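Here's a quick tour for anyone about to load this model into a viewer. Have the backbone and the side chains at hand as you read.

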Amino acid sequence: MSEIPKDLLYTEDHEYVKRADAPDVVYIGITDYAQGELGDIVYVELPKVGASFGKHDVFGTVEAVKAVSELFSPVAGDVVEVNGRLDKEPALVNSSPYGDGWMIKLKLKSAAETEGLLSADAYKKHLNE
């Protein structure tokens with residue numbers, strides 16, 4: 001069973017949004033379910049700080065032994081930080097998707113950006129459909 005933390009928001013594409021310390025900044029990563037489906041992650045391509053994305057824009061790729069998948073931004077915003085550890089340790093996405101395996105931090109374009117994202121219960125239902 002995949003881990004689905006209650007305090008995060010989710011997309012049907014298996015990305016998550018986690019609030020950072022600042023009210024308009026969020027962590028973005030892929031869910032435990034997504035990393036499990038991909039298998040061993042060997043490379044993560046992420047944008048540079050300052051890059052700007054709209055909701056559902058591709059912000060990078062994740063490469064596993066058996067597949068390459070695009071990463072979709074669940075919200076519109078500007079990249080304020082990139083997880084540099086993933087350059088040398090892409091497997092952090094497998095071992096700690098909600099912790100050390102986060103991918104980017106975005107400064108939200110507006111407070112309404114998280115509207116329409118799935119709660120933990122709604123995401124769990126989505127996985128069981």
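## Two histidines with positive phi

Where does His14 lie? You'll find His14 in the loop between strand E1 (9-10) and E2. Keep in mind that this is a predicted model. His14 isn't a glycine, yet its phi is positive, at about 80 degrees. As for cover, His14 counts as buried because its relative accessibility is 18%, and the cut-off for buried is under 20%.

His56 has a positive phi too, about 75 degrees, and again it is not a glycine. The loop that holds His56 runs between strand E5 (52-53) and strand E6 (58-64). With a relative accessible area of 47%, His56 is partly exposed.

## Asp13 and its contacts

Asp13 also sits in the loop between E1 and E2. Its relative accessibility of 35% makes Asp13 partly exposed. Which residues does Asp13 touch, once its neighbours within four places in sequence are left aside? The answer is His56 and Phe72. So if you've just been looking at the His56 loop, between E5 and E6, Asp13 is a handy link back to the loop between E1 and E2, given the contact of Asp13 with His56 and the 35% accessibility that counts as partly exposed.

One more distance for Asp13: its C-alpha atom and that of Lys125 are separated by 14 Å, with the two positions 112 residues apart along the chain.

## Strand E3 and its partners

Is strand E3 (residues 25-30) largely enclosed or largely open? It is largely enclosed by the rest of the structure, because 5 of its 6 residues are buried.

E3 has pairing partners to look at. Strand E2 (residues 15-19) runs antiparallel to E3, and 5 bridges join them. E2 and E3 make a hairpin, with 5 residues between the two strands. E3 also pairs with strand E9 (residues 104-108), again in the antiparallel sense, over 4 bridges.

Val26 is a good residue to click on here. Arg19 stands opposite Val26 of E3, while in E9 the bridge partner of Val26 is Leu106. If you want the general picture behind all this pairing, strands of a sheet pair through backbone hydrogen bonds, in either a parallel or an antiparallel way.

## The E4-E6-E7 sheet

Now for another set of strands. In what order do the 3 strands of the open sheet come? The order is E4-E6-E7, and the pairing is antiparallel. E4 and strand E7 (68-72) are the edge strands, each pairing on one side only. On average, and ignoring direction, neighbouring strands in this sheet are turned by 25 degrees against each other.

Between E6 and E7 there are 5 bridges, in the antiparallel sense. To see the register, look for Thr61, which stands opposite Glu70 in E7.

## A nonpolar patch

To finish, turn to the surface. Which residues make the nonpolar patch of about 290 Å²? They are Val42, Tyr43 and Val65. Tyr43 belongs to strand E4 (residues 41-45), which is one of the edge strands of the open sheet. At a relative accessible area of 40%, Tyr43 is partly exposed, so it clears the patch cut-off of over 30% relative accessible area.

Terms used:
Residues are numbered from 1 along each chain as its sequence is written. This is a predicted model: local features need pLDDT of at least 70, side-chain atom pairs count only at pLDDT 80 or more; totals for chains, interfaces and linings use all residues. Side-chain values use heavy atoms; hydrogens and water are left out. Patches are made of residues with over 30% relative accessible area and no salt bridge: like charges are joined within 9 Å, nonpolar side chains (Val, Leu, Ile, Met, Phe, Trp, Tyr) within 5 Å. Accessible areas come from the Shrake-Rupley method with a 1.4 Å probe; for residues, only the protein chains shown count as cover. A salt bridge is a side-chain nitrogen of Lys or Arg within 4 Å of a carboxyl oxygen of Asp or Glu. Buried means under 20% relative accessible area, exposed over 50%, partly exposed in between (1.4 Å probe, protein chains only). Two strands pair if DSSP finds at least two bridges between them. Axes are lines fitted to C-alpha atoms, for helices over the stretch in contact, and angles run from 0 to 180 degrees between N-to-C directions. Contact means heavy atoms within 4.5 Å.
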